[in-house]
Amino acid sequence: QVQLVEFGGGLVQAGGSLRLSCAASRRAPGWSGMGWFRQAPGKEREFVARISWSCGSVYYSDSVKGRFTISRDDTKNTVFLQMNSLKPEDTAVYYCAASTYIDYRKWDYWGQGTQVTVSS
């Protein structure tokens with residue numbers, strides 16, 4: 001089994017920055033990528049960003065493109081999400097996810113989530 005543990009959530013003022021990290025206990029066979037999702041109160045969970053483990057290709061939702069940056073540390077099985085120019089609408093529980101699928105829409109493993117609150 002793979003465990004994902006997130007760090008770095010908190011409270012920040014609008015316009016500020018936060019950096020989330022997520023460490024995987026190990027990489028399962030076929031490890032293809034890691035990513036971030038978020039879920040705001042009363043809303044469905046939504047995709048935020050993804051990074052391919054083999055080539056480092058990155059993908060972002062339109063709502064965070066240009067403000068958030070996803071990166072990885074291969075040696076530590078860790079993925080990061082640098083969040084800049086934060087807005088109140090970025091407030092949500094942020095979840096780390098990992099995939100062994102080629103289909104980038106499928107995810108095997110999930111973290112417990114970390115709260116990000118952006119005050120106006």
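**A walk around strand E8**

Let's begin with a single pair of residues: Thr69 has Gln82 in E8 as its bridge partner. The model we are looking at is a predicted one, and this pair is a handy way into its sheet.

The Thr69 pairing belongs to a wider contact, in which strand E7 (residues 68-73) runs antiparallel to E8 and is joined to it by 6 bridges. If you follow the chain from E7 into E8, you pass through a hairpin with 4 residues between the two strands. Pause at Asn77 in that turn, where phi is positive, at about 50°.

Now turn to another partner of E8. Strand E3 (residues 18-24) pairs with E8 over 6 bridges, again in the antiparallel sense. Two places help you find this pairing on screen: Leu20 has Leu81 in E8 as its bridge partner, and Cys22 stands opposite Val79, also in E8.

Stepping back, we can place these strands in an open sheet of 4 strands, ordered E1-E3-E8-E7, with antiparallel pairing. Strand E1 (4-7) and E7 are the edge strands; each has a single partner strand, so one side of each lacks a neighbour in the sheet. From one strand to the next, the twist averages 15°. As a reminder, strands of a sheet pair through backbone hydrogen bonds.

What, then, of the surroundings of E8 itself? Strand E8 covers residues 78-83, and 5 of its 6 residues are buried, which here means under 20% relative accessible area. Strand E8 is therefore largely enclosed by the rest of the structure.

Key:
Residues numbered from 1 in each chain as written. Predicted model: local features only at pLDDT ≥ 70, side-chain atom pairs only at ≥ 80, totals over all residues. Heavy atoms only, no water. Buried < 20%, exposed > 50% of the residue type's maximum accessible area, 1.4 Å probe, protein only. Pairing = 2+ DSSP bridges. Axes fitted to C-alpha atoms, helices over the stretch in contact; angles between N-to-C directions.
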